[in-house]
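Me: I have a structure to look at and would like to learn how its labels are earned. Please set each value against its definition before you conclude.

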Amino acid sequence: MKIRFAKYKDLKKIIGIYNQAIIAGNATGDTKEINIKDRKDWFNEHNSDKYPIYVMEFNDTMIGWGSISPYRKGREGFKETAEISYYLDYNYHGQGYGKKLIEYMIADCKRLGIKNLLAMLLEINKKSCSILEEFGFSKWGFMPDVVNIKGKRCGHLIYGRKIYSDDEKNASIHPNNRASADGAKSTHKGL
Ligand SMILES: CC(C)(COP(=O)(O)OP(=O)(O)OC[C@H]1O[C@@H](n2cnc3c(N)ncnc32)[C@H](O)[C@@H]1OP(=O)(O)O)[C@@H](O)C(=O)NCCC(=O)NCCS
């Protein structure tokens, strides 16, 4: 298993995996399958220095992808805050790959200068909520019944966690958040 930055030629497969989640109906607010044209700008707005798209490969086949994207794009005050997204090929769910991808992305946040990592997810996405909590995220926001997927309404959750630099951790400057900072509930060390 390998994780690397995405190249433009990966976009077709990235979209294929995302479309699986659209069809599943519990992981994204998109309700109609998308194509390369829909995601070209999105792809080009990402870069490995600040807002990467990562792909996960198994035996040279892409089995998942994740992105770190701007939150409130273009607003300077939010430059230390970013949004994580991740999608795994449904043929590879439940084998630990998703957690490995998320762990890798969180670990890269210090390099990217991110101090607050957000995940936006549908209230019905219990699996993702549980994984995020395991990685030290907690519920930072909730918007009731704002999502309508083919007639079924649900809430939208904002999960968040702090990413502390080694200096901040050592100085314990955020005592109330130490548990989250250290991923205390997580078995995934080295984040
Ligand atoms: C979220 C996702 C990436 C996880 O990947 P995965 O490889 O299937 O997950 P893993 O096998 O690494 O871990 C699954 C964990 O969730 C837990 N889980 C599974 N179903 C669950 C459920 N219904 N409720 C709570 N926890 C659940 C498992 O017990 C497991 O935890 P464990 O290792 O402690 O047993 C993948 O399911 C996915 O692509 N989902 C669709 C896209 C999505 O929801 N993205 C989030 C929006 S940004």
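Me: What makes up the shell around the ligand by class?
Reply: By class, the shell has eight nonpolar, nine polar and three charged residues. The classes follow a fixed list, in which Ala, Val, Leu, Ile, Met, Phe, Trp, Tyr, Cys and Pro count as nonpolar, Asp, Glu, Lys and Arg as charged, and the others, Gly among them, as polar. The shell holds 20 residues, and the closest are Ala27, His93, Gly98, Lys99 and Ser130; a residue counts as near the ligand if its C-beta atom, placed from the backbone, lies within 6 Å of it.

Me: What kind of model is this, and how are its residues numbered?
Reply: This is a predicted model, in which local features need pLDDT of at least 70 and side-chain atom pairs count only at pLDDT 80 or more, while totals for chains, interfaces and linings use all residues. Residues are numbered from 1 along each chain as its sequence is written.

Me: Which elements give two or more residues to the shell around the ligand?
Reply: They are E4, H3 and helix H4 (126-134), and H4 gives the most, with five residues. Such names come from DSSP runs numbered from the N terminus, where a helix is H or I with at least four residues and a strand is E with at least two.

Me: How do you know which strands are neighbours in the open sheet?
Reply: Two strands pair if DSSP finds at least two bridges between them. Four bridges join E1 to strand E2 (residues 53-58), which run antiparallel, and E2 and E3 pair in the antiparallel sense over six bridges. Eight bridges join E6 to E7, again in an antiparallel arrangement. Seven strands form the open sheet in the order E1-E2-E3-E4-E5-E7-E6, with mixed pairing.

Me: Why is one side of E1 and of E6 left without a neighbour in the sheet?
Reply: Strand E1 (2-5) and strand E6 (138-149) stand at the edges and each has a single partner strand, so one side of each is left without a neighbour.

Me: Which residues stand opposite each other in these pairs?
Reply: Between E1 and E2, the bridge partner of Ile3 is Met56, and Lys2 stands opposite Glu57. Between E2 and E3, Val55 has Trp65 as its bridge partner, while Val147 stands opposite Cys154 in E7.

Me: Why is Asn59 called exposed?
Reply: A residue is exposed if 12 or fewer other C-beta atoms lie within 10 Å of its own, buried if there are 20 or more, and partly exposed in between, with C-beta atoms placed from the backbone. Asn59 has 7 C-beta neighbours inside 10 Å, so it counts as exposed. Asp60 is exposed because it has 6 other C-beta atoms within 10 Å.

Me: What makes the phi values of Asn59 and Asp60 worth a remark?
Reply: Most residues other than glycine have a negative phi. Phi of Asn59 is near 50 degrees, a positive value in a residue other than glycine, and phi of Asp60 is near 65 degrees, also positive in a residue other than glycine. Asn59 lies in the loop between E2 and E3, and Asp60 is found in the loop between E2 and E3 as well.

Me: How many residues of E6 are buried?
Reply: The count of buried residues among the twelve residues of E6 is zero, and the strand is hardly covered. Pro144 is found in strand E6; with 10 other C-beta atoms within 10 Å, Pro144 is exposed.

Me: What makes a group of residues a nonpolar core, and how many residues has the largest one?
Reply: A nonpolar core is a set of buried Ala, Val, Leu, Ile, Met, Phe, Trp, Tyr and Cys residues joined through C-beta atoms within 7 Å. The largest has 34 residues, and those with the most contacts inside it are Tyr54, Trp65, Met105, Leu117, Ala119 and Tyr159. H1, E2, E3, E4, H3, E5 and strand E7 (152-162) each supply at least two residues of this core.

Me: Which residues does Tyr54 touch?
Reply: Not counting residues up to four places away in sequence, Tyr54 touches Ile3, Arg4, Phe5, Ala6, Trp65, Gly66, Leu101, Tyr104 and Met105. Contact here asks that the C-beta atoms of two residues, placed from the backbone, lie within 7 Å.
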